[in-house]
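Let's take a walk through this structure together. Have a look at the chain first, and then we'll go piece by piece.

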Amino acid sequence: EACGILAALDYDQVEDASLDQKPTLHRHLSPFVSDRHIAPVELHREALPTHLAACAPRAELLRTRDCHRYDGQGYYTLSPTYRLLNLIMHSEICDRGYASGSIPLRGLEEYAYTVKAEGSAIDWPLLSDCFSRLDRSQVLISFLWAANRLLDVPMPESLSGCSTARAKLHY
């Protein structure tokens, strides 16, 4: 059903055989893309890989999800906070962007759009706590610093006191 709804919204599924070869890192189907929408849609089999799932228990993801309707069909998306958690975890940890020192432009662009569209709905202390529980706070701060530096996305007020020295040295 979800694939049909995405097709009706002018999304096409990208054929990406490499996803099938990396089942432990990628828990989603091949992405769906559209020229009319800024970000791809990835239908996930699981929210996060097992080694990262402790920071976002499935029950919490379900409890905070957003319900939407299109053409009489209902569907759910992660809350803005957990969408950002998934985005940053995916681009920086699962895809090893942080470890390799690469700048995740696609992720930064999607982050900037989400903050602009839904910034008031993002629970920054919760997002920070999720990364802290995994001892990955520096990953979050580096990502936010890069978005601020490259796309002029303001640092969240609740995290503005965090040191960005490590992020500056990292990139």
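A good place to start is a pair of strands: S3, covering residues 66-70, and S4, covering residues 73-77, run antiparallel to each other and are paired over 5 bridges. Find Arg-69 and look across to S4, and you'll see Gly-74 standing opposite. The two strands make a hairpin, with 2 residues between them. One residue to spot in that turn is Asp-71, which has a positive phi of about 50°.

Now zoom out. Keep in mind that this is a predicted model. The chain holds 9 helices and 4 strands. Follow the sequence along and the pattern reads α-β-α-β-α-β-β-α-α-α-α-α-α. Of its 171 residues, 40% count as buried. And if you take the contacts between residues at least 6 apart in sequence, 55% of them link residues at least 24 apart.

Next, let's turn to how the helices pack. Two packed helices are described by the angle between their axes and the distance between the axes. Take helix H4 (residues 80-94) and helix H6 (residues 105-118): their axes come within 11 Å and cross at roughly 170°. Angles over 145 degrees count as roughly antiparallel, so that is how H4 and H6 run relative to each other. On the H4 side, the contact is made by Pro-80, Arg-83, Leu-84 and Leu-87, while H6 brings Gly-107, Glu-110, Tyr-111, Thr-114 and Glu-118. Sort the residues of this contact by type and you get 4 nonpolar, 2 polar and 3 charged.

H4 has another partner, H8. Here the axes are 11 Å apart, and the angle is about 105°. That makes H4 roughly perpendicular to H8. Which residues of H4 and H8 make the contact? From H4 come Leu-87, Ile-88, Ser-91, Glu-92 and Ile-93, and from H8 come Val-139, Leu-140 and Phe-143. The split for this contact is 6 nonpolar, 1 polar and 1 charged.

Let's pause on Ser-91, which lies in helix H4. Is Ser-91 buried or exposed? The cut-off for buried is under 20% relative accessible area, and Ser-91 has 13% relative accessibility, so it counts as buried. Leaving out residues up to four places away in sequence, Ser-91 touches Arg-96, Gly-97, Pro-104 and Phe-143.

Finally, look inside. The largest nonpolar core has 32 residues, and those with the most contacts inside it are Leu-85, Met-89, Tyr-111, Trp-124, Phe-131 and Leu-144. Helices H4, H6, H7 (124-133) and H8 (137-151) each supply at least two residues of this core. Which helix gives the most to this core? That would be H4, with 8 residues.

To see the core from one spot, centre your view on Leu-144. Setting aside residues up to four places away in sequence, Leu-144 touches Tyr-111, Trp-124, Met-155, Pro-156 and Leu-159. Two of those names may ring a bell: Tyr-111 and Trp-124 are also among the core residues with the most contacts.

Key: Residues are numbered from 1 along each chain as its sequence is written. This is a predicted model: local features need pLDDT of at least 70, side-chain atom pairs count only at pLDDT 80 or more; totals for chains, interfaces and linings use all residues. Side-chain values use heavy atoms; hydrogens and water are left out. Axes are lines fitted to C-alpha atoms, for helices over the stretch in contact, and angles run from 0 to 180 degrees between N-to-C directions. Angles under 35 degrees count as roughly parallel, over 145 as roughly antiparallel, 65 to 115 as roughly perpendicular and the rest as oblique. Contact means heavy atoms within 4.5 Å. Ala, Val, Leu, Ile, Met, Phe, Trp, Tyr, Cys and Pro count as nonpolar, Asp, Glu, Lys and Arg as charged, and the others, Gly among them, as polar. Two strands pair if DSSP finds at least two bridges between them. A nonpolar core is a set of buried Ala, Val, Leu, Ile, Met, Phe, Trp, Tyr and Cys residues joined through side-chain atoms within 4.5 Å. Buried means under 20% relative accessible area, exposed over 50%, partly exposed in between (1.4 Å probe, protein chains only).
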